[in-house]
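Got your viewer open? Let's take a short walk through this one, a stop at a time.

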Amino acid sequence: MYVKQNGDVYPCCQSYTLDGGPVGNVGTESLPEIWNSDAMRGMRELHVSGRAGEIDVCARCCTTIPSGALVAGSLLLHGRTVRKLLPWVERLVYFSKLPRSLLTPPRKNASESELVQIDAARK
């Protein structure tokens, strides 16, 4: 949760920077009331079920979601370095799960002819 100086509470710092609306205000509600509000519960349920993309600010968010790789990497390297490397590691993992046929360029069959230039004037 992110609390602005005026008491407005946002689900996270990114929701504030992405112009999302506040989910409460500590001047009128307690933090437990805000945390357990329908809006916050709904957001947490969508995140847990892997449907965070259905939340407008979450769909536009570019912050890396903490993962085991991020935590383990942060123990060995500086956090900033890990955050820079993690997207590449995630891509490698993603591509390693794809069938090899999708990762290798197609080979030209011996029966296929070479591309030729068609001269439109020779009709």
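Start by selecting tryptophan 35, which sits in helix α2, residues 31-35. Keep in mind as you look around that this is a predicted model. Is tryptophan 35 buried or exposed, or does it fall in between? Its relative accessibility is 38%, so tryptophan 35 counts as partly exposed.

Now show what tryptophan 35 touches. Skipping the neighbours within four places in sequence, you'll find Met1, Met40, Arg41 and Arg44 in contact with tryptophan 35. Next, try a distance: click the C-alpha atoms of tryptophan 35 and valine 9. They are 26 residues apart along the chain, and the separation in space is 9.5 Å.

Stay with Trp35 and switch on the surface. Which residues make a nonpolar surface patch with Trp35? Add Met1, Val3, Val26 and Leu31 to your selection, and you have the patch, about 420 Å² of it. One of its members, valine 3, belongs to strand β1, residues 2-3. Valine 3 has a relative accessible area of 40%, so it is partly exposed.

Next stop: asparagine 25. You'll find it in strand β3, residues 24-25. Asparagine 25 counts as buried because its relative accessibility is 18%, and the cut-off for buried is under 20%.

Zoom in on the side chain of asparagine 25. A polar atom there lies 2.6 Å from the backbone nitrogen of glycine 27. Look also for the backbone oxygen of asparagine 6, which is 3.4 Å from a polar atom of that side chain. Leaving out neighbours within four places in sequence, the residues in contact with asparagine 25 are Asn6, Gly7, Asp8, Val9 and Ile34.

For the last stop, select helix α3, residues 38-48. Colour Met40, Met43 and Leu46, which are buried. Why do these three end up on the same side of α3? They cover an arc of only 130° around the axis, so they share one side of the helix. Here's the general idea: an α-helix has 3.6 residues a turn, so residues three or four places apart point the same way.

Spin the helix round and pick Asp38, Glu45 and Val48: on this other side of α3, these residues are exposed. What do the buried residues of α3 pack against? Select α2 and α4 (56-59), and you have their packing partners.

Finish by stepping past the end of α3 to glycine 50, where phi is positive, near 80°.

Terms used
Residues are numbered from 1 along each chain as its sequence is written. This is a predicted model: local features need pLDDT of at least 70, side-chain atom pairs count only at pLDDT 80 or more; totals for chains, interfaces and linings use all residues. Side-chain values use heavy atoms; hydrogens and water are left out. Helices (H or I, at least four residues) and strands (E, at least two) are DSSP runs, numbered from the N terminus. Buried means under 20% relative accessible area, exposed over 50%, partly exposed in between (1.4 Å probe, protein chains only). A polar contact is a pair of N or O atoms within 3.5 Å; within protein, one must be able to donate a hydrogen and the other to accept it, and residues adjacent in sequence count only if both atoms are side-chain atoms. Contact means heavy atoms within 4.5 Å. Patches are made of residues with over 30% relative accessible area and no salt bridge: like charges are joined within 9 Å, nonpolar side chains (Val, Leu, Ile, Met, Phe, Trp, Tyr) within 5 Å. Accessible areas come from the Shrake-Rupley method with a 1.4 Å probe; for residues, only the protein chains shown count as cover. A salt bridge is a side-chain nitrogen of Lys or Arg within 4 Å of a carboxyl oxygen of Asp or Glu. The arc is that of the directions from the helix axis to the C-beta atoms.
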